[in-house]
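Reader: I am new to reading protein models. Could we go through one step by step?

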Amino acid sequence: MNRHPVDRLADVRAEIRQLQLVEQELRAEILRTGDMIGDDNEATLTEMETERIDLERMKVELGMITVRPYLRKKLVARLHVKPVTGARKQRSGRTP
């Protein structure tokens, strides 16, 4: 396949979204029917309780002076992919 890596990335992300939808549908069906045993696999349902900090409420209740020392910044790089339109389809370089 001779597609540009950006185009391949967009394809993969679209496929992942489709697979996630299928996963949600299958999960919902299993939970609805209660049928947890297949031919090759068995599903188990477990529940666990988790606790999370409500940061916005903490800021309001305790104030930023108290909360700020406990905050940490993290640099996150996101690679957005969107379809190219019209005149923008010409590009200057091509990755082999």
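**Surface, helices and contacts**

Author: Start with the outside. The chain has an accessible surface of about 10,300 Å², and 52% of that belongs to carbon and sulfur atoms. Keep in mind that this is a predicted model.

Reader: What share of the 96 residues is buried?

Author: A residue counts as buried when its relative accessible area is under 20%. Apply that cut-off to the 96 residues of the chain, and the buried share is 2%.

Reader: Which pattern does the chain follow along the sequence?

Author: Count the elements to begin with. There are three helices and zero strands. Read along the sequence, that gives α-α-α.

Reader: How many of the eight residues of α2 are buried?

Author: Helix α2 covers residues 55-62. This helix is hardly covered. Just after α2 comes Gly63, with a positive phi near 85°. Among the eight residues of α2, the count of buried ones is zero.

Reader: How many salt bridges are there?

Author: Side chains of opposite charge can pair when their charged atoms come close. One such pair is Arg3 with Asp11. Another is Glu56 with Lys59. The count of salt bridges comes to two.

Reader: How far apart are the closest N and O atoms of Arg3 and Asp11?

Author: The cut-off for a salt bridge is 4 Å between nitrogen and oxygen. Arg3 is partly exposed, at 36% relative accessible area. Asp11 is partly exposed too, with a relative accessible area of 36%. Their closest N and O atoms are 2.8 Å apart.

Reader: What separates Glu56 and Lys59 along helix α2?

Author: Their side chains meet in a salt bridge, at 3.5 Å from N to O. Both residues sit in helix α2, three residues apart. So the separation is about one helical turn.

Reader: Is Glu56 buried or exposed?

Author: Exposed means over 50% relative accessible area. Its partner Lys59 has 25%, so Lys59 counts as partly exposed. Glu56 has 51%, so Glu56 is exposed.

Reader: Which residues form a nonpolar patch on the surface?

Author: Look at helix α1, residues 5-33, where Val22 lies. Val22 is partly exposed, with a relative accessible area of 39%. The patch has about 220 Å² of accessible area together, and its members are Val22, Leu26 and Ile30.

Reader: How many residues in the lining of the second largest pocket are charged?

Author: This pocket has a volume of about 150 Å³. Its lining includes Glu29, Asp35, Asp40 and Glu42, along with others such as Ile30 and Gly38. Sort the lining by type: four residues are nonpolar, three are polar, and the charged ones number four.

Definitions and conventions: Residues numbered from 1 in each chain as written. Predicted model: local features only at pLDDT ≥ 70, side-chain atom pairs only at ≥ 80, totals over all residues. Heavy atoms only, no water. Buried < 20%, exposed > 50% of the residue type's maximum accessible area, 1.4 Å probe, protein only. Helix = DSSP H or I, 4+ residues; strand = E, 2+ residues; numbered from the N terminus. 1 Å grid on protein atoms, 1.4 Å probe; cavity = no way out; pocket = protein on both sides within 12 Å on 5 of 7 lines; lining within 4 Å. Points joined across faces, edges and corners; volume = space filled by probe spheres on them. Nonpolar A, V, L, I, M, F, W, Y, C, P; charged D, E, K, R; others polar. Areas by Shrake-Rupley, 256 points an atom, 1.4 Å probe, with all protein chains shown as cover. Patch = residues over 30% accessible without salt bridge, like charges linked within 9 Å, V, L, I, M, F, W, Y side chains within 5 Å.
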